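Colleague: I am new to this structure and would like to go through it with you. Please show it first.

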Amino acid sequence: MATSPLDILVIEDDPDARENLRDILELDDHRVVLAGSAAEAKARDDWRRFAAIILDRRLPDTTAEQFLPVLKAYAPRAAVIVVTGYSDFQGVIAALRQGASDYLLKPLSPDLLRASLERIAERRQLTVAKERSDAAFRHLVEAAECMIVILRPDHTIVYFSPFAEQITGLSASEAVGRNYLDLLPEPDRPRVAAELARVAAGDPLRGLENPVSCRDGSPRAILWNARYLADYEDGPAILKVGHDITFLKHAQERALQSERLAAIGEMVTGLAHESRNALQRSQACLEMLTLSVRDRPDAIGLIDRIQKAQDHLHTLYEDVRGYAAPIKLDRVACDLRQVWREAWIHLDSARTRKDASLAEAVDGVNLRCLADPFRLGQVFRNILDNALAAGAPPVTVEVRAREVVINGRPAVRIAFRDNGPGIPPEVRPRVFDPFYTTKARGTGLGMPIARRIVEAHGGRISLGDGDAPGATVIITVPRGIT
């Protein structure tokens, strides 16, 4: 069978043998280059062109055993055929161990040489085909905007695509060799392991949603397909292809929140309308009661407290109903410390159950601001209520304040820190989302309303660092006065 023409380097010190090899090889259209010694061969600068090297075992300046490692360095893709006039079994073994492809005895049989070159050509064609296939696969994978992971049945990652690097923040070198399950949130690992076992048994997987954990601890929602590969780089493997649906899920959740908001707004509008009549009746009763007990200061004080509670109730109805509407502020000069202390007092029952204490570290800080004390009281009550709910008795809430500048204006920065377990990484991005709550009861509007109130003051609200124990909420409010 004729071989495909190859570029062949012949390294042979015997001139007659060199010419004989040239004649045999050129008869089959091979392109032949001759060298009489190792030094002459090393002087060449076109090593990459050669598909095969025919090497005499004994040269004037070296032996095949010594020169083979050098050849592998110069021409790593070339197959080496060692030729010799000596029948030396140990020499054959040594040459093959050094990377020789074949070992032929002189005088050379043209048929044996052709057969050896045919095998080399076939291997070369297979190698080129595999390289092209690998390159096509690599280009396809690199262009695909999906997360591609290949892992062994024992969950060891052997391939991690560029888009997977982009999604997770992990480099391929960091991911390859790791257990794939380590990339998943711990609660999802048993379920995914069971699914992978079914895939390894030959059952393809479609449409499995499970998140992956990124370097920064945040989760990404991924929709996976998977199938079993009987042979990937000399072993069985599982191919997983995942589409990032994080933004889609957030969009769906926002749409759902909007629907819920509209429904609650419509419901509260009706409720507020009906409640307004009841509040007006109770207001009339309070006014009449005030006239009846005007000579009893203690009773007048209780009526005042009822009146304030009724006013607060009416305001809260309006807040929920008009959540999407701009917040109107009634700014007055106030002391923020007094505002959060009143909020703390209003949480008396929760504080008593939790054996709670409030620690203030605000000495030397000017806490006077032009603000709406009722609105900021809502913010502080919400933060303090969350702190009391998070901590185990005895609860300690620490308040720290310092003077800062926001948007070029003097401001006060207040940090509330509790001694609870902290906010989980997967919850942190959604703390200020409307209707998102981790509590069994609650509308999930507390922190969103708090953010709107603070931002209406021209300030900012954010979470502190995620170091546990404890969660920190930071509020920055422009001073507005000096």
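Modeller: Contact here means heavy atoms within 4.5 Å. Bear in mind that the model is predicted.

Colleague: Leaving aside neighbours within four places in sequence, which residues is Ile 461 in contact with?

Modeller: Ile 461 lies in strand S18 (460–463). Beyond its neighbours within four places in sequence, Ile 461 contacts Ile 383, Phe 432, Met 447, Ala 450, Arg 451, Val 454, Val 473, Ile 474 and Ile 475.

Colleague: Which element gives the largest share of the largest nonpolar core?

Modeller: That core has 43 residues, and Ile 461 is among the five that touch the most other members, with Trp 340, Phe 380, Phe 416 and Ile 475. Elements giving two or more residues include helix H11 (336–346), helix H13 (373–390) and strand S19 (472–478). The largest share, 7 residues, is from H13.

Colleague: How many residues does the second, separate core have?

Modeller: Its members include Met 147, Val 149, Leu 151 and Leu 205. The count for this core is 24 residues.

Colleague: Which strands stand at the edges of the open sheet of 5 strands?

Modeller: The order is S2-S1-S3-S6-S7, with parallel pairing. A strand with a single partner has one side without a neighbour in the sheet, so the edges are S2 (31–35) and S7 (102–105).

Colleague: Which residue in S7 does Val 83 stand opposite?

Modeller: Strand S6 (residues 79–84) pairs with S7 in the parallel sense over 4 bridges. Opposite Val 83 stands Leu 104.

Colleague: Which strands does helix H3 touch?

Modeller: Helix H3 (residues 64–74) packs on the sheet, its direction making about 160 degrees with that of S3. The strands touched by H3 are S1, S3 and S6.

Note on methods. Residues numbered from 1 in each chain as written. Predicted model: local features only at pLDDT ≥ 70, side-chain atom pairs only at ≥ 80, totals over all residues. Heavy atoms only, no water. Core = buried A, V, L, I, M, F, W, Y, C linked by side-chain atoms within 4.5 Å. Buried < 20%, exposed > 50% of the residue type's maximum accessible area, 1.4 Å probe, protein only. Pairing = 2+ DSSP bridges. Axes fitted to C-alpha atoms, helices over the stretch in contact; angles between N-to-C directions.
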